[in-house]
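Visitor: Could you show me a protein and explain the words people use for it?
Guide: Sure, have a look.

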Amino acid sequence: MKDADYEQHEVKRARYAVAAVFTVHGAVTGSFATRVPWIQDHAGLSAGQLGFALAFTAFGASCSMPLAGRISHRFGSRTALRGLIAMWTLSLVLPSLAPNLYTLCLAMFAYGASAGMADVAMNALGVEVERLLGRSIMSGLHGMWSAGALIGSAAGTLAAHLGSDARLHFALAAAVLTVLGVLAAGRVLDVQPGEDEEPPPRFALPPRSALLIGTVGFCAVFAEGASLDWSAVFLRDRMDSSAGLAAATTTGFMLTMAIARISGDAVVNRFGTVRTVRAGGVLAALGGLLIVLAGHPAVAMTGFALMGLGIAVVVPLCFAAAGHAGPNPSQAIAGVATITYTSGLIAPSLIGGVAQATSLVVSFGVVTVLTCGLVVFAGVLRPGERAARAEVSPQAAAVPGPRP
């Protein structure tokens with residue numbers, strides 16, 4: 001009994017370690033986002049050139065994600081995550097060093113590639129801890145990512161306000177976050193492959209299960225990307241709001257997402273994955289209707305807040321479902337992550353294109369329709385949920401060691 005208690009304690013400790021890694025990963029993203037104007041000025045780019053360079057982030061992530069499973073298989077999950085999280089935190093420095101468009105594109109590709117590999121590795125470990133604990137934790141882990149992004153954003157805002165050089169800011173942030181990330185990664189589960197387990201392919205098409213689950217994630221991330229990039233513009237152009245009120249709308253959207261993710265596991269454990277996603281889809285669609293029909297800034301702001309609340313837990317649950325859907329969690333998670341990254345890449349530009357041809361109201365009408373897809377397609381997450389529950393027993397939950 002003492003051994004079982006000790007092993008259960010080790011799993012709980014690993015949960016906190018993975019949560020810390022998620023926080024560090026988010027802090028890098030938050031730090032970068034606040035200094036994009038400085039990077040644009042330093043490289044002498046137009047808005048169009050900046051958008052082109054930033055697209056290389058998603059391109060790099062999509063190309064690198066399938067490699068994460070093979071790296072974890074080769075070195076073990078703990079060593080792999082240490083290296084990948086350090087690569088990600090240190091890559092923060094690269095964009096600030098780019099003097100022109102071409103070097104910035106290369107820097108953003110490397111930045112996105114390291115982000116994607118670390119993302120897959122930490123989500124796969126999160127799924128493993130969730131399996132051993134026998135209850136949902138992925139929403140909370142992604143909530144810690146959001147909290148890290150807010151912390152990094154706050155620090156970056158202060159640095160920008162003080163007029164600091166982004167090269168110095170990023171170097172200091174990268175040094176601190178690398179130390180924190182490596183220390184946290186050293187406490188995660190050390191999952192080793194079995195003796196007869198074949199290494200995953202370097203590149204492989206996502207399994208069918210990942211494509212179906214990715215459809216749900218696509219709908220949520222499309223709404224997230226559209227809201228993050230266009231909510232302030234919507235308030236300014238459609239509602240004739242002040243710059244401060246427009247910015248507050250985006251902040252409110254991010255806060256509702258962070259709060260919902262941190263508290264989302266309790267809802268999932270009580271009502272299950274499918275019902276939670278369907279309820280979230282209803283809330284997001286209601287938020288979309290408020291945005292489309294808004295005649296006052298407060299109504300639109302409420303709509304964006306409901307949108308954030310409704311979609312917040314969807315992507316974490318998609319990663320969890322992918323990790324439980326087959327024998328190779330990293331490959332399935334990489335497939336879902338690739339689909340969601342692609343959605344996040346095309347959403348802002350597609351919203352802009354539709355708005356150019358029609359209006360922003362029509363653009364968010366499209367977003368509203370996609371959120372209805374969460375209600376329609378939520379059932380594809382059920383097999384992963386059942387597999388997870390069938391897989392977990394009190395005995396299994398007490399064994400944090402390598403997979404058989």
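Guide: Here are a few terms, each set against its definition. This is a predicted model, where local features need pLDDT of at least 70, side-chain atom pairs count only at pLDDT 80 or more, and totals for chains, interfaces and linings use all residues. Residues are numbered from 1 along each chain as its sequence is written, and side-chain values use heavy atoms, leaving out hydrogens and water.

Visitor: Why is the pair Glu10 and Arg13 called a salt bridge?
Guide: A salt bridge needs a side-chain nitrogen of Lys or Arg within 4 Å of a carboxyl oxygen of Asp or Glu. The closest N and O atoms of Glu10 and Arg13 are 3.0 Å apart, so the pair fits the definition.

Visitor: What makes Glu10 count as buried?
Guide: Buried means under 20% relative accessible area, exposed means over 50%, and partly exposed is in between (1.4 Å probe, protein chains only). Glu10 has 18%, so it counts as buried. Its partner Arg13 has 27%, so Arg13 is partly exposed.

Visitor: How do you know that Asp165 and Arg167 form a salt bridge?
Guide: Their closest N and O atoms are 2.8 Å apart, so they pass the 4 Å test. Asp165 is partly exposed at 28%, and Arg167 is partly exposed at 36%.

Visitor: What makes Arg236 partly exposed?
Guide: Arg236 has 47% relative accessibility, so it counts as partly exposed. Arg236 forms a salt bridge with Asp237, with the closest N and O atoms 2.9 Å apart.
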